[in-house]
Amino acid sequence: MNTITLKPAKDRSLVRRHPWIYANAIARIDGDPAPGATVIVRAADGRFLARASYSPHSQIRARAWTFDESEPVDHAFFKRRVQRAVAHRQTMVKDTGATRLIFGEADGLPGLIVDYYVADDEPHAQLVCQFMATGVEAWKDAIVQALISATGCPNVYERSDVSIRQKEGLEQITGVLAGDAPRDTLITNECGVRHHVDVRNGHKTGFYVDQRDNRVLVAQHAQGREVLNCFCYTGGFSLAALKGGATRVVSVDSSGEALALARANVEANGFDAQKAEWLDADAFKTLRRLYDEGQRFDLIVLDPPKFAPSKETVDRAARAYKDINLSGFKLLRPGGLLFTYSCSGAIDSELFQKIVAGAAADARVDARILKRLGAGVDHPLLTAFPEGEYLKGLLLQIA
Ligand code: SAH
């Protein structure tokens with residue numbers, strides 16, 4: 001059996017059930033494991049720690065599948081893990097056709113993301129997967145079979161066009177894994193709002209499933225307000241604002257394709273297109289321009305892309321977050337609400353709050369945090385794995 005033996009005292013994180021084994025923690029590898037092969041991980045004194053998948057090209061040299069010595073890693077293992085994850089969503093996630101079924105480490109399947117879209121207007125559903133580590137890559141067939149059997153959905157599409165695969169020595173790849181090719185767009189219903197999802201060409205798996213609860217929250221606070229939604233993508237928060245009774249919604253994104261779907265979404269919901277303005281533009285510049293023009297808003301959403309993809313980029317990202325939040329505060333009327341987010345894993349919630357506080361100070365406003373925000377219950381956070389917390393947000397009100 002292929003075995004990894006750790007250096008003395010390097011077993012602590014595994015004992016605490018953190019699933020990653022870094023290359024610098026390894027003293028010795030016995031056998032000749034292929035990428036994705038299952039290895040036994042032992043402490044320096046020979047104690048069993050975990051069964052893990054081997055990843056020879058990554059600094060994360062192995063990822064734990066199980067800490068239970070009696071649990072083999074086989075087809076039945078993947079069936080159990082997938083069924084457990086799906087059962088959790090069935091009880092916890094309500095009123096939506098867009099669900100994260102598998103959230104990597106938190107579901108005991110490191111490196112795997114699966115989103116599930118159910119169509120609103122026809123009997124049709126689509127599973128979309130991202131395989132981001134050698135372990136889940138090696139067990140792809142077993143995982144796909146387990147997904148089909150747990151959900152009854154025959155259509156599985158792969159969106160493993162993510163740069164992180166390079167670190168694993170894997171090519172980027174997309175394509176049909178089972179069933180029919182995806183529809184050009186699928187219309188799904190999330191909490192009473194219809195969204196077009198382009199599984200093939202959209203961002204990530206086609207839709208930002210993680211913002212569901214936050215979109216509902218925006219709808220709850222939008223009545224009678226003028227809204228600005230920056231980095232709107234296909235208009236998720238804009239539609240929520242329209243649904244909630246906003247009088248005017250200005251939305252900004254630099255992707256023409258995303259804005260085309262956003263407009264189609266207004267129509268699909270029967271909302272008043274006159275209330276929605278879509279600006280195909282750079283959000284940084286647009287925020288300044290709107291301020292200079294004297295435009296002001298009652299509710300602003302800032303949900304930018306990941307500004308800090310790595311630890312090295314945190315400083316520059318912090319300046320970018322501060323810049324947009326400063327503009328956001330300046331554009332708010334007294335009593336106005338700011339929904340502000342960061343999806344950079346490298347910026348933790350404490351740092352994000354500091355950045356936002358700095359922006360409020362520079363804007364010379366008193367900003368009060370009404371609520372701390374995050375991803376929905378289908379993106380659980382494993383206590384042993386704080387790295388899983390990538391999306392953080394704040395709902396603030398200025399005096
Ligand atoms: N809030 C959205 C998701 C936002 S994703 C939702 O709930 O669905 C981030 C978006 O920012 C993408 O659509 C991307 O096209 C856009 N974007 C990236 N850089 C930008 C920039 N400089 N100006 C405007 N939009 C930008």
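In this predicted model, a nitrogen atom of the ligand lies 2.7 Å from an N or O atom in the side chain of Asp 303. Arg 215 and Phe 231 also make polar contacts with the ligand (pairs of N or O atoms within 3.5 Å).

| Residue | Protein atom | Ligand atom | Distance |
|---|---|---|---|
| Asp 303 | side-chain N or O | nitrogen | 2.7 Å |
| Arg 215 | polar side-chain atom | oxygen | 3.0 Å |
| Phe 231 | backbone N or O | nitrogen | 3.3 Å |

On its own the ligand has 590 Å² of accessible area, and the protein covers 90% of that (Shrake-Rupley method, 1.4 Å probe). The ligand is surrounded by 16 residues, of which Arg 215, Asp 253, Asp 282, Ala 283 and Asp 303 come nearest (a residue is near if one of its heavy atoms lies within 4 Å). By class, the shell holds 9 nonpolar, 3 polar and 4 charged residues; Gly counts as polar, and Asp, Glu, Lys and Arg as charged.

An open sheet is built from 6 strands in the order β2-β6-β5-β4-β1-β3, with mixed pairing. Strands are DSSP runs of E with at least two residues, numbered from the N terminus, and two strands pair if DSSP finds at least two bridges between them. Because β2 (20-22) and β3 (26-30) stand at the edges with a single partner strand each, one side of each has no neighbour in the sheet. From one strand to the next, the twist averages 35°, taken between N-to-C directions of axes fitted to C-alpha atoms, on a scale from 0 to 180 degrees. β2 pairs with β6 (residues 60-66) in the antiparallel sense over 3 bridges; Tyr 22 has Ile 60 of β6 as its bridge partner.

Residues are numbered from 1 along each chain as its sequence is written, and side-chain values use heavy atoms, without hydrogens and water. Local features need pLDDT of at least 70 and side-chain atom pairs count only at pLDDT 80 or more, whereas totals for chains, interfaces and linings use all residues.

Key. A polar contact is a pair of N or O atoms within 3.5 Å; within protein, one must be able to donate a hydrogen and the other to accept it, and residues adjacent in sequence count only if both atoms are side-chain atoms. Helices (H or I, at least four residues) and strands (E, at least two) are DSSP runs, numbered from the N terminus.
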